[in-house]
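This report walks through the architecture of one protein, element by element, for a reader who has the sequence and the coordinates at hand.

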Amino acid sequence: MIFLRGNIPDWLSIPVANTLIVSSTIILLIGLEKFLRLKGPQIQNILLILTFFSIHSYFTFLDPDLYIRKINFALAFVLISFQGAFLMLRRTPVAMQRVTRPVGYVFVVVFFVQISHIIYIIQNQPVQDAYFNSTGSESLFLMAWEVIVISLTYSVFLMYNKRLVNDVNEQEEKFSKAFHKAPFIIFLSKLKDGEIFEVNKSVYSISGFQPHELIGLKSIDLNIWKQNEDLLKFTLDLKSKGLVVEDEYLFRKKSGELFHGLISAEIIEINNVKCVISVINDITNRKQAEFNLRKSEASLRELNSTKDKFFSIIAHDLKSPFNGILGLSEILSEQVREKDYEGIDTYATIINSSSRHAMALLSNLMEWSRSQTGRMEFNPEKVDLVKTTKSIIELLKTSSEEKAIGISLNAPLKLELNADKAMIETVLRNLISNAIKFTPFKGEVIITVEEAENEYLLSVADSGVGIDKVNFEKLFRIDTSYSTLGTNNEKGTGLGLILCKEFIEKHKGKVGLESELGVGSRFYFTLPKT
């Protein structure tokens, strides 16, 4: 428009043309603010454009004066360049100042050039009225302006490219940090042949492999799958669905140790090449925690069952014999008062039997509760197993003689070992009394004591009713009550064999059972020599 002056209307070539130049520079300023993600008020620039246009119009049509118009133009750029320099050198965040500094310096040059131009115009008036008839100095200022415009364009271009490079580097750094610091294994491989071209650093802490040991390998050659069938299934699922989410497999570390992992994968495109991103999360600790939780849950269920069994015994088994004792003793007392002695011997026998049962139950309950609460100390000492067995047989002699049961002991003369005497006596008492209880009238109980290479073996065999194999396990569990009447209707406590198992296990031994219905049973336990 300026160079068409004389061929187009003056209002276009003078005020409008110059106002467009000033406005475009202000638009550049606004663009730079947006580039720097800054926001500032623009009211001063709107007023600047309106004032500039008004002054230019006035001194073009009402009072034509090229001198004032040049000062108006230069002053407008002084104000704009000051804003630009302040924006690029001061308002810019410190991290970006290295990028924006060249553009800021160009605006500083513009500021001083235009100040110099104003001073020159004021000192060298009047000037030529014809715009294109410039002096040598004016030509110099015009050339400087052209250099400034080129420099500004070049510096803005460089700034944009630097910012672009910084953004790319920043994004790459973010990706790199996220990729390598992720607490799970990440593979990038080609879908076509499965070649791995990128692995994050966490692969070392989880699997023991260094990233460079895996890059270049193909998935089929990757020795981290426990079974090749797992790799095949994973590959088929990925190709058919395009996505695999948290499938659980066993993976192998470099050391050969196995670990549980959740693998997720997705087919993606990188540079127009179909690739696979695979993520393996080590869940070994979680699986162990789940196992411990299940174990704890089972233990808790067993404890609850133990508690229920304990209360059941107290509420029923312990109450029943005392009810019988109380009832029969009242009848016995009343008959004695009335001098009616008929049947009192029967009542006395029943009371005696119930009292013995209650006493045995109380004894077992006390020993079992002490073992459960940890108050029963394990005190091994020198014990003669043969002598201890004989003393228990003697203790139970009355019970065996009532049923005319013969008890034979097959053992060496002496067999000493380290054991807790009280616990061993409890085990022997329960096993032999059980054998007597379930052996019929005139039956036989055979006790055998043997010494093997690494252990001692004691067995108690009876010729009684026998036990069905389906009930073997129930005999040694507190949570499954199993108790039957003896051949003479003797009652059991349901705790004897449980105590035997716990006491023998404290000795690091084992309890076992062999039985056949209608033939008899053989209970045995072993004690290690060490």
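## A strand pair and the wider fold

Within this predicted model, Glu381 has Ala419, a residue of E8, as its bridge partner. The two strands concerned are strand E6 (residues 381-384) and E8, which are joined by four bridges and run antiparallel. Strand E8 itself spans residues 416-419 and has two unlike faces, since Leu417 and Ala419 make up the covered face, whereas Glu416 and Asn418 make up the uncovered one. In a regular strand, side chains alternate between the two faces of the sheet.

The protein as a whole contains 15 helices and 12 strands. It has 530 residues, of which 37% count as buried, and it exposes about 31,300 Å², with carbon and sulfur atoms supplying 58% of that area. Among the contacts with a separation of 6 or more, 62% are between residues 24 or more positions apart.

## The two five-stranded sheets

Strands of a sheet pair through backbone hydrogen bonds, and they do so in either the parallel or the antiparallel sense. One open sheet of five strands follows the order E2-E1-E5-E4-E3, with antiparallel pairing. Its edge strands are strand E2 (196-199) and strand E3 (243-252), each of which pairs on one side only. Neighbouring strands of this sheet are turned against each other by 25° on average, direction ignored.

At the E3 edge, E3 and strand E4 (residues 258-270) pair in the antiparallel sense over eight bridges, and within this pairing Tyr249 stands opposite Gly261 in E4. Helix H8 (residues 228-241) packs on the sheet, where it touches E3, E4 and strand E5 (273-282); the direction of H8 makes about 170° with that of E3.

Another open sheet of five strands has the order E7-E9-E10-E12-E11, and its pairing is mixed. Strand E7 (406-410) and strand E11 (510-516) stand at the edges with a single partner strand each, so one side of each is left without a neighbour in the sheet. The twist from one strand to the next averages 15°. E7 and strand E9 (residues 444-451) run parallel and are joined by five bridges, with Ser408 standing opposite Ile446 in E9.

The strand pairs described so far are set out below.

| Strand pair | Sense | Bridges |
|---|---|---|
| E6 and E8 | antiparallel | four bridges |
| E3 and E4 | antiparallel | eight bridges |
| E7 and E9 | parallel | five bridges |

## The packing of H14 and H15

Two packed helices are described by the angle between their axes and the distance between the axes. For helix H14 (residues 421-437) and helix H15 (residues 496-506), the axes come within 9 Å and cross at roughly 145°, and the crossing is left-handed. On the H14 side the residues involved are Met423, Ile424, Thr426, Val427, Asn430, Leu431 and Asn434, and these meet Gly496, Leu497, Leu499, Cys500, Phe503, Ile504 and Lys506 in H15. By class, the contact of H14 with H15 comprises nine nonpolar, four polar and one charged residues.

## Individual residues

Where does Phe53 sit, and which residues does Phe53 touch? Phe53 is found in helix H2 (residues 43-62), and, leaving aside residues up to four places away in sequence, Phe53 touches Pro15, Val16 and Thr19. Phe53 and Pro15 are 38 residues apart in sequence and 5.9 Å apart in space, C-alpha to C-alpha. With a relative accessible area of 35%, Phe53 is partly exposed.

Two loop residues deserve a separate look for their backbone angles. Asn272 lies in the loop between E4 and E5, and its phi is near 65°, a positive value in a residue other than glycine. Asn272 counts as exposed because its relative accessibility is 71%, where exposed means over 50%. Lys508, whose place is in the loop between H15 and E11, has a phi near 65°, likewise a positive value in a residue other than glycine. At 71% relative accessibility, Lys508 counts as exposed.

Terms used
Residues are numbered from 1 along each chain as its sequence is written. This is a predicted model: local features need pLDDT of at least 70, side-chain atom pairs count only at pLDDT 80 or more; totals for chains, interfaces and linings use all residues. Side-chain values use heavy atoms; hydrogens and water are left out. Buried means under 20% relative accessible area, exposed over 50%, partly exposed in between (1.4 Å probe, protein chains only). Contact means heavy atoms within 4.5 Å. Accessible areas come from the Shrake-Rupley method with a 1.4 Å probe; for residues, only the protein chains shown count as cover. Axes are lines fitted to C-alpha atoms, for helices over the stretch in contact, and angles run from 0 to 180 degrees between N-to-C directions. A crossing is left-handed if the near helix is turned anticlockwise from the far one by less than a right angle, and right-handed if clockwise. Ala, Val, Leu, Ile, Met, Phe, Trp, Tyr, Cys and Pro count as nonpolar, Asp, Glu, Lys and Arg as charged, and the others, Gly among them, as polar. Two strands pair if DSSP finds at least two bridges between them.
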